[in-house]
Amino acid sequence: MSTTPIISFRDAAKVFPGSRKRPEVRAVDGVTLDIEAGEIFGVIGYSGAGKSTLVRLINALEKTTSGSVVVGGQDLTALGESQLREVRAGIGMIFQQFNLLSSRTVAGNVAYPLEVAKWPREKREARVRELLEFVGIADKAGSYPSQLSGGQKQRVGIARALATNPRILLADEATSALDPETTREVLRLLQRVNRELGITVVIITHEMDVVRYACHRVAVMEHGKVVEVGDAYAIFSGPTAPVTRRFVATSLRDRPSAETLARLRERHPGRLVVVGIDEVTGSTHAISQVLRDAGVEPAIIYGGITEVADKPYGSLTFELTGSDDDVAAAIERLREVTGVDDLGTADAPVSAPAETTTDPTAGRSGPPRTRVVGAQDYGMLGGQGGRLAGPDRLVIEEDD
């Protein structure tokens, strides 16, 4: 990867002024963040966290109130509108609701940004064929959006976003409207875009499973701020911010809830411990060795192990049976190699780690904002849906 970030935020802020009906909204609040060329970078947060506003700062559809955003070495805050159009031409974008033009065929949708960019017909048609082949729907060139599945529609959206050979691809909640299997297919395609075309991909999402499956690094946002950033595996295995821990807990579901723990205690009278599994530190082998040598009888009664950035991670809940001294010694030895939560026994229970929950709609910043864009930007960005406000203007509703 390049040593110079392809996208760089420095104390960037975006404030939407208030009115008599709505208070001021600080959607992005002093963000400093670097995104390296050639990586898949995730930005995750609950609704209202500011992540969609942050991504619109990258293509200058929103301008910073203060601070700076540098894309490809150019400070967007210092550019005029004509220069911003050149920057946007190198940025593709895909969306949650696909936003395809219903009156155009698949080929026509992919060709649209090329028409706006005034590519000649022969070159345009060749590029459309190439892209449809790349995303795996060459046989749907003459179909209309209404004839496609959700996954096929998003493949059209990706092909359209790639039309003008962008260096950066922004995916704003691009898998939220898809079922789990189709989500995996789309994420595999984005990984291929990144790997084979060398395009930097920025994924905006509220789904930790998307980050777990596809991203190299991730930033976690809350109330307009980046509260945690790092390697995807490190974020999963050692989250520090409370909101990150909530995201990880909902994604892994590897630890028993209070209700589940009560049921487990009814069936398992021995000492219950939750043991972390982390292949980076080789904890799996070490745990096995400790339990073999400890003189206790271990039984796995709950847990889950998944892959994060192609490496296993999760936890297992064991019932440890044996003398009190042997079990206590086994727990202390386990703590030398991995994280351990001692839940005690049915007769002498220890409280489970506090469960954290959140309302996924918390923090919404009010009703959707509206923005009017011109036809040229609409074409460059692959279209965003909305309603017509004139022959060359479009009104778009937005919400973080």
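**Entry 1: the largest cavity**

I began with the empty space inside, and the largest cavity comes out at about 40 Å³. A note to myself before going on: this is a predicted model. I then looked up how many cavities reach 30 Å³ or more, and the count is two.

Next I pulled up the lining of the largest cavity. Ala 171, Glu 173, Ala 174 and Thr 175 are among the residues there. Leu 187, Leu 190 and Val 210 also belong to the lining, along with Ile 203, Ile 204 and Thr 205. Which elements give two or more residues to this lining? I found α6 (180-197) and β8. β8 gives the most, with three residues. I sorted the lining by type as well: seven residues are nonpolar, two are polar and one is charged.

**Entry 2: the whole chain**

I stepped back to look at the chain as a whole. It has 13 helices and 17 strands. Of its 400 residues, 50% count as buried. I also checked how far apart in the sequence the contacting residues sit. Among contacts with a separation of 6 or more, 69% are between residues 24 or more positions apart.

**Entry 3: the six-stranded sheet**

β8 had come up at the cavity, where it gives three residues to the lining, and I wanted to see what it belongs to. It is part of an open sheet of six strands, in the order β6-β7-β8-β3-β9-β10, with mixed pairing. At the edges I found β6 (91-95) and β10 (225-231), each of which pairs on one side only. The average turn between neighbouring strands of this sheet is 15°, direction ignored. A helix packs on the sheet too: α5 (residues 150-162) touches β6 and β7 (168-172), and its direction makes about 165° with that of β6.

A reminder for my own use: strands of a sheet pair through backbone hydrogen bonds, either parallel or antiparallel.

**Entry 4: strand β3 and its two partners**

I spent some time on β3. This strand covers residues 40-44 and runs parallel to β8 (residues 200-205), with five bridges joining the two. I looked for facing residues and found Ile 40 opposite Val 201 in β8. Gly 42 has Ile 203 of β8 as its bridge partner, and Ile 203 also appears in the lining of the largest cavity.

β3 pairs with β9 (residues 217-222) as well, in the parallel sense, over four bridges. Here Phe 41 has Arg 217 of β9 as its bridge partner.

Is β3 buried or exposed? Five of its five residues are buried, so the strand is largely enclosed by the rest of the structure. I checked each face separately. Ile 40, Gly 42 and Ile 44 are on one side, Phe 41 and Val 43 are on the other, and all are buried, which leaves both faces covered. As a general point, the side chains of a regular strand alternate between the two faces of the sheet.

**Entry 5: the four-stranded sheet**

I moved on to another open sheet, this one of four strands. Its order is β12-β13-β11-β14 and its pairing is antiparallel. I looked at the edges, where β12 (297-308) and β14 (340-344) each have a single partner strand, so one side of each is left without a neighbour in the sheet. Neighbouring strands here are turned by 15° against each other on average, direction ignored.

Then I followed β11 (residues 271-278). Four bridges join it to β14, and the two run antiparallel. Val 274 stands opposite Asp 341 in β14. With β13, the pairing of β11 is antiparallel over eight bridges. Gly 276 has Ser 315 of β13 as its bridge partner. How many of the eight residues of β11 are buried? I counted seven, and the strand is mostly covered.

I also found a helix over this sheet. α12 (residues 324-335) lies across β11, β13 (311-321) and β14, and it runs at about 155° to β14.

**Entry 6: helix α9**

My last stop was α9 (residues 242-252), where I listed the buried residues. They are Val 243, Thr 244, Arg 246, Phe 247, Val 248, Ser 251 and Leu 252. Right after the helix comes Arg 253, and I noted that its phi is positive, near 50°.

Definitions and conventions: Residues numbered from 1 in each chain as written. Predicted model: local features only at pLDDT ≥ 70, side-chain atom pairs only at ≥ 80, totals over all residues. Heavy atoms only, no water. Pairing = 2+ DSSP bridges. Axes fitted to C-alpha atoms, helices over the stretch in contact; angles between N-to-C directions. Contact = heavy atoms within 4.5 Å. 1 Å grid on protein atoms, 1.4 Å probe; cavity = no way out; pocket = protein on both sides within 12 Å on 5 of 7 lines; lining within 4 Å. Points joined across faces, edges and corners; volume = space filled by probe spheres on them. Nonpolar A, V, L, I, M, F, W, Y, C, P; charged D, E, K, R; others polar. Buried < 20%, exposed > 50% of the residue type's maximum accessible area, 1.4 Å probe, protein only.
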